[in-house]
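Visitor: Could you take me in for a close look at the ligand site? I'd like the contacts spelled out.

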Amino acid sequence: MSENSNKERKKVTVADFSKMKAQGRRIVMVTSYDYPTSIIADDVGVDSILVGDSYGMVVLGYDTTIPVTVEELLPVCQAVRRGASHSLLIGDMPFLSFQISEEDAIRNAGRFIKEGGMEAIKIEGGREMAHTARAVSNAGIPVLGHIGVTPQTATLHGGYRIQGKNADSGEDLVQDAKSLEDAGVFGIVLEMITEEVARVISQTVSVPTIGIGSGRYCDGQVLVLHDVLGLYPRFVPKFAKRYTDLASTIKKAVAEYASDVRQGMFPEENHVFKMDDGERDKLESNQKS
Ligand code: KIV
């Protein structure tokens, strides 16, 4: 997308999500955790940017998303906000920022909107979290649901296991999605759910489904930016497509820089600042006297 057409682009709203589902237009979402990548994603024309709690793993190097706090995510949201002017901005509520009470959930969700500059929030959980989704949504904050693998509670559910492998668990997921829809969410992330179940959910609920590792029949897709870019060296999920190998590109560039410095090949003439000749002569003669 050219800079000009980006200027003419309309701001994406939560209402556009349901329009896109109705019109059969697939929704594109990606995570971002900083100003430069949010400018890039927004310029490309993604529909939505998620400031995911995956930030804790791919940027801060935690083993899971569990340690991430609201205080850690708010400055990240602010940076992403400064870079993006068109995409719908969604803040991911970290573990224990919404589970303790509805009041606590509304207060923390409000911080993502008022302090972080986000336009919506995401919470993990199905039926058991529908009351919270309803409370936050009733407070005027758009909520994106998230079912299937829910990384914040993955240990409770036996780790990162594909969800919906049999009819009963598939039906459970459909009920989770319906409860969230009833609670007023504007969309639902489906993470690592079998393609068949994700398809049934997408056909059953009126709000758009955004898949991650949940096959081809979701109404949209989301990926972690570092997986798209090949920038998270520890692990690449089977469902993620790596579109470039930025880790190798960065490695090569930093290694070349190190070698240039060691060999005296950087900085070069065009990287230095010069005095006027007269001032230089004066400085040199001062040193002699
Ligand atoms: O934190 C995150 O990046 C997410 C996506 C995987 C949906 O929740």
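Guide: Here's a walk around the ligand, followed by a few spots elsewhere in the chain. Quick housekeeping: this is a predicted model, so local features need pLDDT of at least 70 and side-chain atom pairs count only at pLDDT 80 or more, while totals for chains, interfaces and linings use all residues. Residues are numbered from 1 along each chain as its sequence is written, and side-chain values use heavy atoms, with hydrogens and water left out.

The ligand sits in the largest pocket. A pocket here, on a 1 Å grid over the protein atoms alone, is an open set of points with protein on both sides within 12 Å along at least five of seven lines, and "sits in" says that more than half of the molecule's atoms lie within 2 Å of its grid points. Around the ligand you'll find Thr31, Leu50, Gly52, Asp53, Ser54, Asp92, Lys122, His146, Val189, Ile212 and Val224, each with a heavy atom within 4 Å of it. Sorted by class, that shell has four nonpolar, four polar and three charged residues; Asp, Glu, Lys and Arg count as charged, Ala, Val, Leu, Ile, Met, Phe, Trp, Tyr, Cys and Pro as nonpolar, and the others, Gly among them, as polar.

Now for the polar contacts (pairs of N or O atoms within 3.5 Å). Aspartate 53 puts a polar side-chain atom 2.9 Å from a ligand oxygen. For lysine 122, the distance from a polar side-chain atom to an oxygen of the ligand is 3.0 Å, and for an N or O atom in the side chain of aspartate 92 it's 3.1 Å. Taken alone, the ligand exposes 250 Å², and the protein buries 95% of that (Shrake-Rupley areas, 1.4 Å probe).

Away from the ligand, a couple of backbone oddities. Most residues other than glycine have a negative phi, and most peptide bonds are trans. Leucine 96, not a glycine, has a positive phi of about 70°; look for leucine 96 in the loop between strand S3 (88-92) and helix H6 (102-114). Helices (H or I, at least four residues) and strands (E, at least two) are DSSP runs, numbered from the N terminus. The phenylalanine 266 to proline 267 peptide bond is cis, with omega near 0°.

Note on methods:
A polar contact is a pair of N or O atoms within 3.5 Å; within protein, one must be able to donate a hydrogen and the other to accept it, and residues adjacent in sequence count only if both atoms are side-chain atoms. On a 1 Å grid over the protein atoms alone, a cavity is a set of points where a 1.4 Å probe fits but cannot get out, and a pocket is an open set with protein on both sides within 12 Å along at least five of seven lines; lining residues have an atom within 4 Å of a point.
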